[in-house]
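User: I would like a close look at one part of this model, namely its nonpolar core. Please set it in the context of the whole chain and go slowly.

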Amino acid sequence: MVMGAFIPGLRRKYPAHEYVSAILLVLGLILFTLADAQTSPSFSVIGVIMVIAALVMDSFLGNLQEVIFNMNPETTQMEMLFCSTVVGLPLLIPPMVLTGEVFEAWNSCSEARLREAASLEKHVLLKKLRDTLESLKGHVAGRNKDDVEEAIAMVNVLCFAVLSLNYDLQ
């Protein structure tokens with residue numbers, strides 16, 4: 001509400017009962033946070049500061065997007081999302097580097113990519129084995145054909161197990 005009242009291009013007027021509601025909401029959140037600080041052993045003041053900063057930036061961003069849509073109606077949602085992300089990156093990267101979270105996120109993404117590649121390789125190998133057995137089935141008869149069909153069924157079960165295991169790991 002504060003941002004909407006002061007951003008040029010919007011300058012909204014709100015009724016008094018909305019300001020009272022907003023003040024009561026903020027007071028309730030403050031009391032809730034203070035109670036959490038006294039009862040939780042893992043309470044972090046930095047976390048509270050980060051949440052407050054995120055709320056301020058979010059209120060600014062929402063109002064700014066509305067101004068941009070009003071001034072330039074042909075702006076697409078994709079353009080707005082891209083610009084919002086690009087504008088936020090310089091504000092997010094320094095704290096992520098200082099806390100080390102950017103490196104943790106990079107490592108997590110790299111590990112996920114390696115797991116996905118390994119899973120894909122297993123699946124491709126099993127598919128090739130199944131295709132080879134399918135082509136072999138056409139060239140054999142009798143008991144051998146039954147053995148090949150049983151092997152194909154086992155490979156199908158193995159494919160399902162690999163997919164299930166990868167799903168559980170994610």
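To begin with, how many helices and how many strands does the chain have? After that, which residues make up the largest nonpolar core?

Analyst: This is a predicted model. The chain has six helices and zero strands. Followed along the sequence, the pattern reads α-α-α-α-α-α. There are 170 residues in the chain, and buried residues make up 11% of them. The chain exposes about 13600 Å², and carbon and sulfur atoms supply 70% of that area. Among contacts in the chain with a separation of 6 or more, 43% are accounted for by residues 24 or more positions apart.

Now the core. The largest nonpolar core has seven residues in all: L126, L133, V148, I152, V155, C159 and V162. Two helices, α5 (101-137) and α6 (143-169), each supply at least two residues of this core. Helix α6 gives the most, with five residues.

L133 is a useful place to look closely. This residue lies in helix α5. L133 counts as buried because its relative accessibility is 13%, and the cut-off for buried is under 20%. Setting aside neighbours within four places in sequence, L133 is in contact with V148, A151, I152 and V155. Of these partners, V148, I152 and V155 are listed in the core as well. L133 can also be placed relative to E150: the two are 17 residues apart in sequence, and their C-alpha atoms are 10.0 Å apart in space.

V155 gives the view from another member of the core. With neighbours within four places in sequence left aside, V155 is in contact with L126, L129, R130 and L133. The contact between V155 and L133 therefore appears from both sides, since contact means heavy atoms within 4.5 Å. L126, another partner of V155, is also a core residue.

For contrast, consider nonpolar residues on the surface. V20, I23, L24, V26, L27, I30, L31 and L34 form a nonpolar patch there, with about 770 Å² of accessible area together. One of them, L24, lies in helix α2 (residues 16-39). L24 is exposed because its relative accessible area is 56%, and exposed means over 50%. L81, in helix α4 (residues 77-99), also counts as exposed, because its relative accessibility is 52%. In C-alpha terms L81 is 9.5 Å from Q65, and the two are 16 residues apart in sequence.

Q65 also serves as a reference point for T75: these two residues are ten apart in sequence and 10.0 Å apart in space, C-alpha to C-alpha. T75 is found in the loop between α3 (45-71) and α4. With a relative accessible area of 15%, T75 is buried. Not counting residues up to four places away in sequence, T75 touches I68, F69 and M80.

One annotation belongs beside this. In an unreviewed UniProt entry, residues 47-68 carry the annotation "transmembrane region". In the model, that stretch is 100% helix and 0% strand, with its end C-alpha atoms 31 Å apart.

To return to the part you asked about, the core draws at least two residues from each of α5 and α6, and L133 is its buried member examined here in α5.

Conventions. Residues are numbered from 1 along each chain as its sequence is written. This is a predicted model: local features need pLDDT of at least 70, side-chain atom pairs count only at pLDDT 80 or more; totals for chains, interfaces and linings use all residues. Side-chain values use heavy atoms; hydrogens and water are left out. A nonpolar core is a set of buried Ala, Val, Leu, Ile, Met, Phe, Trp, Tyr and Cys residues joined through side-chain atoms within 4.5 Å. Buried means under 20% relative accessible area, exposed over 50%, partly exposed in between (1.4 Å probe, protein chains only). Helices (H or I, at least four residues) and strands (E, at least two) are DSSP runs, numbered from the N terminus. UniProt positions are given in the numbering used here, feature names are shortened, and annotations may be inferred rather than shown by experiment. Patches are made of residues with over 30% relative accessible area and no salt bridge: like charges are joined within 9 Å, nonpolar side chains (Val, Leu, Ile, Met, Phe, Trp, Tyr) within 5 Å. Accessible areas come from the Shrake-Rupley method with a 1.4 Å probe; for residues, only the protein chains shown count as cover. A salt bridge is a side-chain nitrogen of Lys or Arg within 4 Å of a carboxyl oxygen of Asp or Glu.
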